[in-house]
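Work through the exercises below with the sequence and the structure at hand. Try each task before you read its solution.

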Amino acid sequence: MSVEVSEATLANIKLLLRVTILFSIAAAAVSSRLFSVVRFESIIHEFDPWFNFRATKYLVSHSYYEFLNWFDDKTWYPLGRVTGGTLYPGLMVTAGSIWHGLRKIGLPVDIRNICVMLAPAFSGVTAYFTYLFTAEIKDKSAGLLAAAFMGIAPGYISRSVAGSYDNEAIAITLLMTTFYFWIKASKEGSVFWAAWAAGFYFYMVSAWGGYVFITNLIPLHVFILILMGRYSHKLYTAYSTWYAIGTLASMQIPFVGFLPIRSNDHMAALGVFGLIQIVCFGEYIRSKVPSNKFKSVLFVSVILIILLGIAGLVSLTYAGLIAPWTGRFYSLWDTNYAKIHIPIIASVSEHQPTAWPSFFFDTQFLIWLFPAGIFLLFQELRNEHIFVIAYSVLCSYFAGVMVRLMLTLTPIICVSAAVAVSKLFDVYLDFSDYLKEDKTEKPKDDKKSIFDILSKFAVVGTFVFYLYLFVFHCTWVTSNAYSSPSVVLATKAPDGSQQLIDDYREAYYWLRMNTPEDAKVAAWWDYGYQIGGMADRTTLVDNNTWNNTHIATVGKAMCSNEEVAYKVLKQHDVDYVLIIFGGMLGFSGDDLNKFLWMIRIAQGIWPDEVKERSFFTERGEYKVGREATQTMKDSLLYKMSYHRFVDVHMRSGRPAVDRVRSQVISEEPELNVVEEAFTSENWLVRIYKVKDLDNAGRDLREASSFERQAAAGIKKRTAKRPALDIRE
Amino acid sequence: MKLLTVVLVLYAGFCLAITNERLLKLQERSGGSFIKLTKSNFNEVLAGPRNATIITLLTATNPEIGCSTCQNIAPAFEQLVDSWSLDHPDGDGLFFARADLAEGHPDIFQALRLNNVPKLYVYGPTNDSTPLTEGFEVWNVPQSIDFVDHVVATIAEKLGKRVDLHQPVQWGSIAITVGSVMLFLWLLQNYSRYFILLITSKTLWGGFAVFLILIFTTGYMFNNIRGMPFIMQDDKGLPKYFVQGQQQQLGIETQVISAIYGMLALSVVFLVIKAPGLADARVRFGIVLYLLGLNIVLFSVFLSIFQFKSSGYPFHLLNIWSPK
Amino acid sequence: MLSLLVLLLQVCVTFASSLKGPQVLFVYDDKLSPLESYTDIVSRLEDDGFQVETADAGSDVSLQTNGVFKYQHVVLLPSKQRRLGSDITGAQLVEFFNAGGDVLAFTSPLGVSEAVRTFLNELGIYPSPKGQELTDHFQSNGESGLDNVVTVKGDEYSLIIPSSDSFKYSGSAALLSNNPQLTPLISAPATSFTKPSKQEDPWTQGQQGFLAAVFQGLNDARVSWVGDSKLVSNEGLKQVDAHSLIQWTFGETNVLRIKNSSHSHVDGTTYQQRPYKITDDIHYEATIEQWNGVEWIPFVSDKVQLEVKLLDPYHRLTFTNVSSDGVYSIDFKLPDHHGVFTFQMEFKQPLYTYLEHKDVLSIRHLANDEYPRSWQITSAWVYITSSVVVFTAWFVFVLAFLYLRDETTVTDKKEK
């Protein structure tokens, strides 16, 4: 029975197994993200990816320097956007380099396919770095489990399916990479690894605004270690190197610029950098002057320094030398802040708090293994464990406040759940006692009793079944919830068959083919990137919500009466207005349902002209149809939404019911300043052309009422003396 | 502006009205800086004619109504009226009144045919004896914390009166803060040994971290931000612990789910740490089976709850219990 | 060959002095304004190269065939008839006008046809209704029968007669709206009013009333209205030469165009070669020409402006440098603000073609290598010096740390 296997062979077999498993995990990670490509086609998803795609196309057709200095005159008309200086170029540069690299080796791949496939490809890399990270935390078997979890956890898949070409697609990979190198650096006190951590930190900064999370988490780790009295020269070397190189490098990104020394978001890192110098100096002094008194002196001076630092920070902020926290960051702490002060942030669905089912939906049983893993880590509490714990607690809070930060929580859930499962398996999957030849006849009492075997089988069986269920859960969630491109909607027809609603692309294509190339399209900012990407037309506002006033301008045009709206539209040279209307189809995410945000944002800038209150009925309800307030009925968006709505229903003999708001529309609104140019098949997208000024100088309401009367055959018979103003 | 002229005209022509003195008396009787509307006095106060402007807040702070706005603006309203009456002991032609459903007297609400609160009805001065269902202006009640600023601004704009807000000094909380700091310092001084033991305890910190994680991952912040009710009633008046929908939850769900998570995690922790250390094989086997059984049962229940929350979720374990 | 020459000659002759085309419809009313009294003006139009088609208002003449307008210009004499041609309505006249057609319309107290009134009302001209005639008792000194002949002054643009002269006017008056495209020519005397025949209020009183007005659409179609058609009758032409009114209305005079507008860097590099960035110096140049009935000649004015705007104008410059051949040029500095700017050249004066030319250009920010280098900024020298000092000090320190320490330890040991 006993076959002698040498240690080296065993190690080789282990290595082979590990490599095979890791490759399988990467393959599983990539292939589970391909549902959308298989079902629909190789297409860019959602909103932001369309901008990233457009920017990437610009990058590959121009030089890098042109990209860096890109002034985009097709968005935010007429302000334009200094795009090169206001984006995180990491994603585009990554895709661009891959494109160039493939061309160099004779594989000219369409840039769109690279963009579509970038996120799945990077998810494989993420799995590998999760493996390395977890291997540092516990051991390699836990690493393999963590990698497998990370590969298929829906919380990460939600932002990295094929086509979801967004910053997060590579940012999570970089997050794990930076953390891995940081753990490595702090463990070994190595300048080499710290420099790697800084390098990947730089890459992260270039790719995603969420880098601030790293900027604060690593100092927090160091700070906690110092407080726990675990300061060491290794820590000093690692942190100083990382901070110095990382900060200098991050300042090379134009969008970041001087933020690392000016913004409060980054002050913790700077403060800890200062602190660790002082602590190091203190250690040095102590090693030279061994005395008990020194300890208390040190303690007092550290406290003093911290207090001074905080006081200095506060006073500098008040003096305006340091920029206060950015709105998005602030809204994480004071959860009411955004609701009151920044409606534009509060209006984004990604910035809503998370209810508990979402956590389970995104991580399944890992969510309850997560606290178990954390508790188990407390048993050992090595330096790197403290990092994991700090990360977990902080990020649990963030994910609870904002749905989108679920993404940053998922990796640590996978890691600590893997630690828990692996510890469990260490105990219950260990059958080595039974396989060993009995060298010492029954050494102890009943280590190998039948009960133990049974309990081992029971525990292992249960958890293997859980893992099995987990795989099914992940596949099901990915397939059902996270694989829709949201540019194409899928619904069930009454007969149960799948029906694709392709109105968006139909409308964007119409714009591309039927409007002049320099036409300006006004639409709510959600659709800005898509119009730019798919229709290639100039937009007024888009998803890069950098100018609140400009967004409010569009909001004002939508919620004002025709006369005011026309002035606004003309001042901005608008040729077409695009709206989303779901009342015909029953699509609830349409502009009328977003209307309140438009009103609120406009009211923030023009409180005298736009009043939210006047859109609500006496009883405080948001109504369309007969009960709608006059302001509501007069608003341009309302009129554009229900233009011809009653008429079409009358012809087919159905009642004119808005299928989203379940209210009957009784009267046809009168539209004067714009005319319908295009309405998509399911009425989801409606495009209106802004009329020219009247040739005879009349206001457009008079002009079109004259035309209507003429068409109806009504002639003015009476010559009544007009009431005119005195001639100037 | 129009209102202002009406005020002036009315001051000129004095008539048979509810006098400001009477209003002051009612206010004193209500024991504060505003008039509490009751069954007996609401008609007298709100039906004309009158000389003063009466800003009336119609609200319902009783918890079973679940009007979070009402509860949020209650202290703000008190701050506002206290500030006004401090500067204007004679009322100065502006009185505040409040009808709270929590104090009984549903008659007022029935008379006004109100079916949602909070409302701000402003009864201006008038010569006629108008019924209380007429002759008022409805002011907007902002949802959030800027209630006071909004009402002050509206008073300035529509009535031309300036309200200087006085922050009430919170002696109670200052005393508590000072006291607890003193106590803490005293404890630190005398029992520093235990204190150090406490802050260096791994288990304590571990428990604390796990506790935080548990409540954060079960929607504690969601409840906080959205102001979700703790529990709801269904049509039959029975308590409802769970609401359907993945983006919805009640306050109690956080507690139930975090308890389930906690026990699931605990069963794993015990399986890893405690069970293998037990000496007797049979006891060990029993404990392992017990922990495992607990784990399976809890997870099954949990999956049923989740299935209830998000309809269409296909996976479940044992069918033990599910809401509904 | 000969026939071809004849044809060519004919083309030359029939080539009207209006750029729009030669087709004129001349609508008269046998009962009120018979064609015999207007033969002179018709022949003068024909002399100008127009092809005039005359038609009675009661006939079934139509402006369109198969939905296309047949004429470029229409003259409408006062008419008593209820209808105008077969289908000419106010709405159709508006459509004709919007399609670029010119209209010369006359009304009289005896006849304002429905179509003409509706059309004029849309432009903001409200002629007095049937029966209300301009009357001035002061001028006639009480002599009845003559108080409807009012002596009025000419217009400041000399379209009818110069303002220094005056002429006899008998006809209707109109109220005018404040439409900026409407230019009143002759206002009624202060002592006049429109005298109603029945129990009505007078339509206009004093200088509230106007006797002639011109209107220009945004598409440069022109409309003239005069309340007295006798101005163009055989008789009236002897008193007043209304020829210039017709020439203006039919686009023979005051027609301008912008030609060869261009812009570039001051050194001549174009936008295409090197796109503009903030604070660049730009040279803008354009030619304005005027139609004199035969050819385009240079047009010189000191009222032409150039706006550089992004939502609001950042510059509003008047062209002062105008050469005699109509070339307008100007140099200016772009604002220190990036964005998509519109260069808008404008000339909008009464009676002249509205000139507007827009160039939409993006003006970019400074690129990363276009800022001055650190050593070029004198106030940065302090920082540069300090960093160099720190570098040097650090280097020296490292050297000292590495090479001096050993010696000290050695000496320490020696001392021990």
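**Exercise 1. Find the weak stretches of chain C.**

Task: For residues 408-416 of chain C, state the pLDDT and how many contacts the model has beyond four places in sequence.

Solution. Start with the score: pLDDT is the predictor's confidence in each residue, from 0 to 100. Over residues 408-416 of chain C it stays under 50. Now count contacts; two residues are in contact if their C-beta atoms, placed from the backbone, lie within 7 Å. For this stretch, the model has zero contacts beyond four places in sequence.

This is a predicted model: local features need pLDDT of at least 70, side-chain atom pairs count only at pLDDT 80 or more, and totals for chains, interfaces and linings use all residues. Residues are numbered from 1 along each chain as its sequence is written, while chains are lettered from A and ligands numbered from 1 in the order in which they are written.

Next, take the whole chain. Chain C averages a pLDDT of 87, and 92% of the residues score at least 70. Residues 1-14 of chain C fall below 50, with four contacts beyond near neighbours in sequence. Finally, a caution: where pLDDT is low, the predicted coordinates should not be read in detail. For the complex, the predictor gives an ipTM of 0.86 and a pTM of 0.82.

**Exercise 2. Describe the contact of chains A and B.**

Task: State how many residues each chain gives, and which helix of chain A gives the most.

Solution. First, the totals: 51 residues come from chain A and 51 residues from chain B. Second, the elements; helices (H or I, at least four residues) and strands (E, at least two) are DSSP runs, numbered from the N terminus. Several helices of chain A supply at least two residues each, including α17 (337-341), α20 (366-380) and α24 (450-481). α24(A) gives the most, with eleven residues. Third, the classes: Ala, Val, Leu, Ile, Met, Phe, Trp, Tyr, Cys and Pro count as nonpolar, Asp, Glu, Lys and Arg as charged, and the others, Gly among them, as polar. The side of chain A that touches chain B has 33 nonpolar, twelve polar and six charged residues.

Now turn to chain C. Here 27 residues of chain A are in contact with 31 residues of chain C. That side of chain A divides into 13 nonpolar, five polar and nine charged residues.

**Exercise 3. Place two domains of chain A.**

Task: Give the bounds of domain 1 and domain 2 of chain A, then describe their contact.

Solution. The bounds come from an automatic or database domain assignment. Domain 1 covers 1-165 + 354-427, and domain 2 covers 167-323. Their C-alpha centres lie 25 Å apart. Domain 1 gives 35 residues to the contact, and domain 2 gives 30 residues. On the side of domain 1, α5 (90-104), α6 (111-137), α21 and α22 of chain A each give two or more residues. The largest share, ten residues, comes from α6(A).

**Exercise 4. Judge the spread of chain B.**

Task: Why is chain B described as more spread out than a compact globule?

Solution. Count the elements: chain B has twelve helices and seven strands. Then compare sizes. The radius of gyration (taken over C-alpha atoms) has a globule rule of 2.2 Å times the number of residues to the power 0.38. For 324 residues the rule gives 20 Å, but chain B has 29 Å, well over that value, so chain B is more spread out than a compact globule. Its C-alpha atoms fill a box of roughly 100 × 60 × 30 Å, taken along the principal axes.
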